[in-house]
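Colleague: I'd like to learn how to read a fold, one feature at a time. Could you walk me through this one?

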Amino acid sequence: MRVKVCGVRNEADLKAAVRAGADAVGLLVGQIYASTDFILPSTAARLAALLPPYVTPVIVTHLSEPDAIFEILMQVGATTVQLHGGCSIDQVARLRELMPASSKLILAVHVGEDSHTPDFSDYLKLVNAILLDTRDNATDRVGGTGLTHNWEHSAAIVKSCPIPVILAGGLNPSNVAEAIRTVRPFAVDANSGLKAPDGSRSPELCRSFVHSS
């Protein structure tokens, strides 16, 4: 199972993810709400440069303007981006035009408490994967909520979706194995479930999460 550790902010977080065996690390750049997980493009560039071969840096952003997102990718030197900003189909098409053909676009789709999922069928020809995350309806926050959603609903999406589906939303070492058995995703992604009390990525939790996946 492929694993992404998200919310990497510094060298210690990076080391925890890499030593745990993560396949990818999420670098949050471009925020629309207050969060301690977001970092500057210059910080993301420095961390991406420290990654060993076969570990992919993923820019996770809540921005939706294609030119602004592309500028971040150029600053960081990354070719994979995870879109959490509710980009329109035209915005995603424009970003696809700007990016190299080998780059990867991951579209986050936010599942509500009622398991309602927005229709993303029009995006399938433009993106390389769908990421199912949980929307906190109380705060309207997307990503890093620590909340799970209905995995049976996610499993149905995996069965019908023609491109890879990544599962996120409240995953942690204690529930990821069950989530994988239920959903059968292409990959899993965790953020808040891997945090130590001080907000850093816990080496122990990262190792346990990768091992349990």
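Modeller: Sure. Two strands count as paired if DSSP finds at least two bridges between them. Keep in mind that this is a predicted model.

Colleague: OK, so which residue in strand 2 stands opposite K4?

Modeller: That's A24. Strand 1 (residues 2–5) and strand 2 (residues 24–28) are paired in the parallel sense, with two bridges.

Colleague: And over how many bridges does strand 1 pair with strand 9?

Modeller: Four, and that pairing is parallel too. To find the spot on screen, look for R2, which sits opposite A187 in strand 9.

Colleague: Back to A24. What is its bridge partner in strand 3?

Modeller: T56. So you can follow A24 both ways: it faces K4, and it is also bridged to T56 in strand 3. Strand 2 and strand 3 run parallel and are joined by five bridges.

Colleague: How does strand 3 run relative to strand 4, parallel or antiparallel?

Modeller: Parallel, with three bridges between strand 3 and strand 4 (residues 80–83). T61 and L83 are an opposite pair there.

Colleague: Is strand 3 mostly buried or exposed?

Modeller: Here the cut-off helps: a residue is buried when its relative accessible area is under 20%. In strand 3, five of the six residues are buried, so the strand is largely enclosed by the rest of the structure.

Colleague: What about the helices between strands? Which hand does the unit of strand 1, helix 1 and strand 2 have?

Modeller: For handedness, point the strands away from you and trace the path from the first strand over the helix to the second: clockwise is right-handed. Strand 1, helix 1 (residues 11–20) and strand 2 form a right-handed β-α-β unit. You get another right-handed β-α-β unit from strand 3, helix 3 (residues 66–76) and strand 4.

Colleague: Now helix packing. What do I look at?

Modeller: Two packed helices are described by the angle between their axes and the distance between the axes. Take helix 5 (residues 151–160) and helix 6 (residues 176–183): the angle is about 45 degrees, and the axes are 8 Å apart.

Colleague: What do you call that arrangement of helix 5 and helix 6?

Modeller: Angles under 35 degrees count as roughly parallel, and 65 to 115 as roughly perpendicular. Helix 5 and helix 6 are therefore oblique to each other.

Colleague: Which residues meet where helix 5 and helix 6 touch?

Modeller: From helix 5, W151, E152, S154, A155 and V158; from helix 6, E178, A179, T182 and V183. By type, the residues of this contact split into five nonpolar, two polar and two charged.

Colleague: Last topic: backbone angles. Where does Y54 lie, and what's its phi?

Modeller: Y54 is in the loop between helix 2 (41–50) and strand 3 (56–61). Its phi is positive, about 75 degrees, although Y54 is not a glycine. Exposed means over 50% relative accessible area, and Y54 has 82%, so it counts as exposed.

Colleague: And what is the phi of R184?

Modeller: Near 55 degrees, again a positive value in a residue other than glycine. R184 belongs to the loop between helix 6 and strand 9 (187–190), and R184 is exposed at 58% relative accessibility.

Colleague: How about P162: buried or exposed?

Modeller: Exposed, with a relative accessible area of 66%. P162 is in the loop between helix 5 and strand 8 (165–167). Its C-alpha is 10.0 Å from that of N128, and the two residues are 34 apart in sequence.

Notes: Residues are numbered from 1 along each chain as its sequence is written. This is a predicted model: local features need pLDDT of at least 70, side-chain atom pairs count only at pLDDT 80 or more; totals for chains, interfaces and linings use all residues. Side-chain values use heavy atoms; hydrogens and water are left out. Axes are lines fitted to C-alpha atoms, for helices over the stretch in contact, and angles run from 0 to 180 degrees between N-to-C directions. Angles under 35 degrees count as roughly parallel, over 145 as roughly antiparallel, 65 to 115 as roughly perpendicular and the rest as oblique. Contact means heavy atoms within 4.5 Å. Ala, Val, Leu, Ile, Met, Phe, Trp, Tyr, Cys and Pro count as nonpolar, Asp, Glu, Lys and Arg as charged, and the others, Gly among them, as polar. Buried means under 20% relative accessible area, exposed over 50%, partly exposed in between (1.4 Å probe, protein chains only).
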